[in-house]
Amino acid sequence: MVIKKSLRTRFRYIKFRLLSAHPFHGDFEGELRAHINTLLGLSHAPSIKLLSFDSEGNGLLRCDSASFTEVRQAMLFFYDKDYRIKLLKSSGTIGSLIGES
Amino acid sequence: MGRFFDLHVNFDWKDFSLEGYSKVFYSNVIAGGNRYDPARINIARVGNQDKPLPQKYDLIHFAGFNVDSDRLALVREKGRAVEVCVSDIKDALYAGRIHQVRFFCDALRTYKVPFVFTSGASAIYEVKSPKEIAFIGEMLGFTQQAVLDSMSETASEILGDKGWL
């Protein structure tokens with residue numbers, strides 16, 4: 001069965017950088033997901049997926065466009081004394097974010 | 001627009017221009033024994049609603065985002081601005097009191113009280129760029145433009161009153 005393009009889930013892609021005093025050890029995606037779910041509530045848990053995250057802290061996150069604003073705001077509160085997320089750019093197409101320095 | 005100021009940081013932040021600020025201020029919080037310091041931005045921290053407002057201050061901060069309409073009207077009459085601090089918003093968010101912040105921000109809009117968004121950062125990893133603060137303000141019902149204006153135009157007026165611009 002083919003789903004019409006207008007009925008498919010639309011995604012937004014968020015490019016970010018994790019600024020940290022120390023290299024991040026552990027499950028970054030799990031911690032970020034837990035943080036977002038804590039703030040937004042499990043009943044409004046957005047569909048998010050960490051597409052890439054390199055050793056320098058550059059990452060690319062995919063979320064559904066309906067919850068894009070909430071996810072972006074929740075990411076801004078993912079900080080503490082020794083790390084934070086800096087949002088670099090967001091787009092509706094992944095191609096416009098990949099390849100940019 | 002174009003010049004942004006963070007009127008409340010709690011550490012010596014040197015490379016603020018990397019985040020898009022023209023200048024940041026290590027402010028003096030008037031609470032307890034602290035007095036008005038003409039060389040710094042003075043933020044009157046008001047907690048108990050029964051106490052009167054201080055005589056002299058540049059910005060007023062309502063602790064716990066508790067405020068009544070009379071006080072807001074008084075602040076507006078005096079031509080002062082209210083501080084909305086991002087670090088306090090984070091605390092309220094984690095404490096499950098974000099509704100209190102929203103109520104507070106609704107009251108600011110209803111009574112047309114000037115406000116200034118500040119980061120309240122105590123370390124380099126707590127700072128936020130003006131655009132990031134605008135995203136946070138959007139969560140509280142402000143437009144991004146209103147938040148950016150608060151850090152630009154309203155902050156400029158405060159600095160102009162002190163003769164620093």
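## Where the two chains meet

Let's start at the meeting point of the two chains: 13 residues of chain A and 10 residues of chain B make up the contact. Keep in mind that this is a predicted model. On the chain B side, two helices, α2 (86-94) and α4, each put in at least two residues. The largest share of that side comes from α4(B), with four residues.

What kinds of residues does chain B bring to chain A? By class, its touching side has six nonpolar and four charged residues, and no polar ones.

## How α4 sits against α5 in chain B

Helix α4(B) also has a neighbour within its own chain. It covers residues 130-139, and its axis comes within 8 Å of the axis of helix α5(B), residues 144-161. The two axes cross at roughly 130°, which makes α4(B) oblique to α5(B). As for handedness, the crossing of α4(B) past α5(B) is right-handed.

Which residues do the touching here? From α4(B) come Pro130(B), Ile133(B), Ala134(B), Gly137(B) and Glu138(B), and they meet Gln144(B), Val147(B), Leu148(B) and Met151(B) of α5(B). Sorted by class, the residues of this helix-to-helix contact are six nonpolar, two polar and one charged.

## A closer look at Asp149 in α5

Asp149(B) is another residue to pick out in helix α5 of chain B. Is Asp149(B) buried or partly exposed? Around Asp149(B) there are 19 other C-beta atoms within 10 Å, so it counts as partly exposed; being buried would take 20 or more.

Now follow the chain back towards its start. Gly2(B) is 147 residues away from Asp149(B) in sequence, yet their C-alpha atoms are 9.3 Å apart in space.

## The two sides of α1 in chain B

Helix α1(B) runs over residues 69-78, and its buried residues are Arg71(B), Leu72(B) and Val75(B). Look down the axis of α1(B) and these buried residues fall within an arc of 100°, so they line one face of the helix. Turned away from that buried side is a face with the exposed residues Ser69(B), Asp70(B) and Glu77(B).

What covers the buried residues of α1(B)? The cover includes two strands and a helix of chain B: β5 (59-62), β6 (81-85) and α3 (98-110). One last detail to find in the model is Gly79(B), just after α1(B), which takes a positive phi of about 75°.

Technical notes: Residues numbered from 1 in each chain as written. Chains lettered and ligands numbered in written order. Predicted model: local features only at pLDDT ≥ 70, side-chain atom pairs only at ≥ 80, totals over all residues. Axes fitted to C-alpha atoms, helices over the stretch in contact; angles between N-to-C directions. Parallel < 35°, antiparallel > 145°, perpendicular 65-115°, else oblique. Left-handed = near helix turned anticlockwise from the far one by under 90°. Contact = placed C-beta atoms within 7 Å. Nonpolar A, V, L, I, M, F, W, Y, C, P; charged D, E, K, R; others polar. Buried ≥ 20, exposed ≤ 12 C-beta atoms within 10 Å, placed from the backbone. Arc of directions from axis to C-beta.
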